[in-house]
Amino acid sequence: MNVVTVEPLIGDVIGELLRDTLAVATGVGPRPLVGGRLPRPVIEIIERDDGLINGAPSAHYLDGPAEWQPYDHRAVERAYGETLDIGTGAGRIALLLQERGVPVTGLDTSAGALEVSRRRGVRRLVHGTVDTHVADGSRYDTFLLLGNNLGLFEGRERAPEFLAALAALARPGAQIIAQGTDPYGTRDPLHTGYHERNRRLGRLGGQLRLRLRYRELSTEWFDYLVCSADEFASLVQGTGWRLTDVDDRDAPYYLATLRLVD
């Protein structure tokens, strides 16, 4: 028997996923259906480069503050001045800051995610990366990387470039508040073996190589960093930013706060 393997289409996975998630939650708009009748739960598929596949319900992207983790609340309490919510997704963080009168802009590479954020009421949105946003001339006092978006530092090679772009977007004394996860508490050989494989390749143990999938779509493969606070501190050295605080009250999750060096 001949087996035909079809690669998924490259597209806006997060955008499509969030549009469907919002449609299921509100009952407004086209929804993925089971048997043409019942809404199908929207599941985000995360594929790792060693073949591991995980799935997670996407409804949490729409969670209001009552459903947030304690570290999310502590993070938004620290935001001040012009704030850039990096990887804003469906806009959950930006919406609360906006409600509190904090001038906030949501940044995302997904046009579909920004459409969902706009429909939910986020007023200021930018389509792009931190690198492309530099040319817009905007400047910020606070940069937020929540929802585990410390992962956007990617690894040793990308981290200095990412921090340089934020410095170019920063006002004097600006801060970065990034939420990360220490990956090394697990004893699962599927994960500890992956950590060791990464180290043999010269990568940080928790430096993931992933692609996201939803229905017929996939992202390109990309790096996403899950690291300890000590590893993160080593990435920051010599960048013009200083790690001033690590809040690990909800370990293995933590908030890392950086300040721009004068």
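A residue is called buried here when its relative accessible area is under 20%, and exposed when that value is over 50%. The model to which these words are applied is a predicted one.

Helix 6 is a convenient place to begin. Its buried residues are Arg 158, Ala 159, Phe 162, Leu 163, Ala 165 and Leu 166. Viewed down the axis of helix 6, these buried residues fall within an arc of 155°, so they line one face of the helix. An α-helix has 3.6 residues a turn, so residues three or four places apart point the same way.

The next step is from this helix to the interior. The largest nonpolar core has 32 residues, and those with the most contacts inside it are Phe 143, Phe 153, Leu 166, Ile 176, Phe 232 and Trp 241. At least two residues of this core come from each of strand 6 (83-86), strand 9 (140-145), helix 6 (158-168), strand 10 (170-181), helix 8 (229-236) and strand 15 (253-260). Helix 6 supplies the largest share of the core, 5 residues. Another core, of 18 residues, lies apart from this one and has Tyr 71, Val 104, Leu 146 and Ile 177 among its members.

Phe 153 shows how parts of the chain meet. Leaving aside neighbours within four places in sequence, Phe 153 is in contact with Arg 158, Ala 159, Phe 162 and Leu 163, among others. Arg 158, Ala 159, Phe 162 and Leu 163 are also among the buried residues of helix 6. The contacts of Phe 153 further include Leu 145, Leu 225 and Phe 232.

Val 236 belongs to helix 8. With a relative accessibility of 2%, Val 236 counts as buried, because the cut-off for that word is 20%. Not counting residues up to four places away in sequence, Val 236 touches Leu 163, Trp 241, Arg 242, Leu 243 and Leu 258. Val 236 and Arg 156 are 80 residues apart along the chain, and their C-alpha atoms are separated by 9.6 Å.

Two further buried residues can be followed from here. Leu 204 sits in the loop between helix 7 (189-200) and strand 11 (207-214). Is this loop residue buried or exposed? At 5% relative accessibility, Leu 204 counts as buried. Beyond its neighbours within four places in sequence, Leu 204 is in contact with Arg 156, Tyr 184, Asn 198, Leu 225, Glu 231 and Leu 235. Leu 204 and Ala 174 are 30 residues apart in sequence, with a C-alpha to C-alpha distance of 27 Å.

Gln 207 lies in strand 11. Gln 207 is buried, its relative accessible area being 3%. A polar atom of the Gln 207 side chain lies 3.3 Å from the backbone oxygen of Glu 154. With neighbours within four places in sequence set aside, the contacts of Gln 207 include Glu 154, Gly 155, Glu 157, Tyr 194, Asn 198 and Leu 225. Asn 198 and Leu 225 are also among the contacts of Leu 204.

Strand 11 leads to the pairing of strands. Strand 4 (residues 43-48) pairs with strand 11 in the antiparallel sense over 4 bridges, and Ile 46 stands opposite Leu 212 in strand 11. Strand 4 also pairs with strand 5 (residues 53-57), again in the antiparallel sense, over 5 bridges. In that pairing, Ile 43 stands opposite Pro 57 in strand 5. Strand 4 and strand 5 form a hairpin with 4 residues between them, and Gly 51 in the turn has a positive phi of about 100°.

Some backbone angles deserve a separate look. Most residues other than glycine have a negative phi, and most peptide bonds are trans. Asn 148, in the loop between strand 9 and helix 6, has a positive phi near 65°. Arg 215 is not a glycine, yet has a positive phi of about 50°. Arg 215 is in the loop between strand 11 and strand 12 (217-218), and at 57% relative accessibility counts as exposed. The peptide bond from Ala 251 to Pro 252 is cis, with omega near 15°. Pro 252 is in the loop between strand 14 (241-250) and strand 15.

One annotation remains. An unreviewed UniProt entry gives "domain: Methyltransferase" for residues 84-173. Over residues 84-173 the chain is 37% helix and 23% strand, with the end C-alpha atoms 15 Å apart.

Notes:
Residues are numbered from 1 along each chain as its sequence is written. This is a predicted model: local features need pLDDT of at least 70, side-chain atom pairs count only at pLDDT 80 or more; totals for chains, interfaces and linings use all residues. Side-chain values use heavy atoms; hydrogens and water are left out. Buried means under 20% relative accessible area, exposed over 50%, partly exposed in between (1.4 Å probe, protein chains only). Contact means heavy atoms within 4.5 Å. UniProt positions are given in the numbering used here, feature names are shortened, and annotations may be inferred rather than shown by experiment. A nonpolar core is a set of buried Ala, Val, Leu, Ile, Met, Phe, Trp, Tyr and Cys residues joined through side-chain atoms within 4.5 Å. A polar contact is a pair of N or O atoms within 3.5 Å; within protein, one must be able to donate a hydrogen and the other to accept it, and residues adjacent in sequence count only if both atoms are side-chain atoms. The arc is that of the directions from the helix axis to the C-beta atoms. Two strands pair if DSSP finds at least two bridges between them.
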